[in-house]
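Grab a pencil and get ready for a few exercises. Each one has a task, followed by a solution that goes step by step.

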Amino acid sequence: MSELLVDFITSLDGHASGEGWPGFWGLEGPEYIAWLGEQPKATYLMGANTYRLMSGFAAGEVPDGQDEFRPEEEASVDELTRASKVVFSSSLEEPLTWANSRLVRDDAVEAVRAMKSSGSGLLSTLGSLSLCRSLLRAGLVDRFRVVVFPVITGATGEERIYDGYPDVALEMIEHRTFDGRIQLVEYKPRVLEHPPLGVPA
């Protein structure tokens, strides 16, 4: 059975990106980059908007506000190009142009449920806030990982991650600090039907 990881990088105030900011908010360091390179192979799950953005980067489009990719960003895009990817969309057309990408038009929750039960290895989300929210609501997420970068993007932040989420209890299973400033926290999530009636002892 496959394991499903929801994986976000965020500002401290919970934005997935910020207008005018480079990838990783320009704050990645050597420890964090090395850790990224050590991650196990995964099949990446995404929606149409993330696919359009990332496949554009893979085709050479540079993010707004930048003249060219930094080496760390280019290496990250190259690695994603080589990885297996599943794209959930009713608007995209086949064939998908980004290498190693498969289009699924079926309901994403049911498709991922089937992928988990029949497969092996790691499934990991890439961006795709609404897809992640749907998978979490359905109780399909085994691990919820957030890497928090030391910046508040109150004026320029975009893509608020947690809007529309249910209440979720989080049991910490991993934490780590990279380069003295970047914080990783990883949890086992449990969707709550209502707030807990008492505080755990």
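## Exercise 1: a charged pair between two loops

Glu93 is exposed, with a relative accessible area of 57% (exposed means over 50%, buried under 20%, partly exposed in between, using a 1.4 Å probe and protein chains only). Before we go on, some ground rules: this is a predicted model, where local features need pLDDT of at least 70, side-chain atom pairs count only at pLDDT 80 or more, and totals for chains, interfaces and linings use all residues. Residues are numbered from 1 along each chain as its sequence is written, and side-chain values use heavy atoms, with hydrogens and water left out.

**Task.** Find the residue with which Glu93 forms a salt bridge, and work out which parts the pair ties together.

**Solution.**
- Step 1. Glu93 forms a salt bridge with Arg105, and their closest N and O atoms are 3.7 Å apart. The rule here asks for a side-chain nitrogen of Lys or Arg within 4 Å of a carboxyl oxygen of Asp or Glu.
- Step 2. Glu93 sits in the loop between β4 and β5, while Arg105 sits in the loop between β5 and α4 (108–118), so the pair ties together parts that are 12 residues apart in sequence. The helices (H or I, at least four residues) and strands (E, at least two) are DSSP runs, numbered from the N terminus.
- Step 3. Check the surroundings: Arg105 is partly exposed, at a relative accessible area of 40%.

## Exercise 2: two more salt bridges

**Task.** Look at Glu110 with Arg113, then at Arg143 with Glu186. How far apart in sequence are the partners in each pair?

**Solution.**
- Step 1. The closest N and O atoms of Glu110 and Arg113 are 3.5 Å apart, which gives a salt bridge. These two are three residues apart in helix α4, so about one helical turn separates them.
- Step 2. Glu110 is partly exposed at 43%, and Arg113 is partly exposed as well, at 35%.
- Step 3. Now the other pair: Arg143 and Glu186 meet in a salt bridge at 2.6 Å, N to O. Arg143 belongs to strand β7 (residues 143–149) and Glu186 to strand β10 (residues 182–191), so this pair ties together parts that are 43 residues apart in sequence.
- Step 4. Arg143 is buried, with 16% relative accessibility, and Glu186 is buried, with 6%.
- Step 5. Salt bridges that share partners join Glu3, Asp7, Arg143, Arg145 and Glu186 into one network.

## Exercise 3: a lysine without a salt bridge

**Task.** Lys85 is buried yet has no salt bridge. What lies 2.8 Å from a polar atom of its side chain?

**Solution.**
- Step 1. Place the residue: Lys85 is in strand β4.
- Step 2. Look for an opposite charge (Lys and Arg count as positive, Asp and Glu as negative, and His and the chain ends are not counted). The nearest such side chain is Asp78, 10 Å away.
- Step 3. Now look at the backbone: the oxygen of Leu80 lies 2.8 Å from a polar atom of the Lys85 side chain.
- Step 4. Leaving aside neighbours within four places in sequence, the contacts of Lys85 (heavy atoms within 4.5 Å) include Tyr44, Met46, Trp98 and Arg102.
- Step 5. The bridge partner of Lys85 in β5 is Ser101.

## Exercise 4: the sheet

**Task.** In what order do the eight strands of the open sheet come, and which strands stand at its edges?

**Solution.**
- Step 1. The order reads β5-β4-β3-β6-β1-β7-β10-β9, with mixed pairing. Two strands pair if DSSP finds at least two bridges between them.
- Step 2. β5 and β9 (168–178) stand at the edges with a single partner strand each, so one side of each has no neighbour in the sheet.
- Step 3. Zoom in on one pair: β4 and β5 run parallel and are joined by four bridges.

## Exercise 5: backbone oddities

**Task.** Where do you find Phe24, Ser128 and Pro95?

**Solution.**
- Step 1. Most residues other than glycine have a negative phi, and most peptide bonds are trans.
- Step 2. Phe24 has a positive phi of about 60 degrees; this residue is in the loop between β2 (15–18) and α1 (30–37), and it is buried at 12%.
- Step 3. Ser128 has a positive phi of about 55 degrees; its place is in the loop between β6 (122–125) and α5 (129–137), and Ser128 is buried at 10%.
- Step 4. Pro95 lies in the loop between β4 (84–88) and β5 (101–104), and a cis peptide bond, with omega about -5 degrees, joins Glu94 and Pro95.

Notes
Polar contact = N/O pair within 3.5 Å; in protein donor to acceptor, adjacent residues only side chain to side chain.
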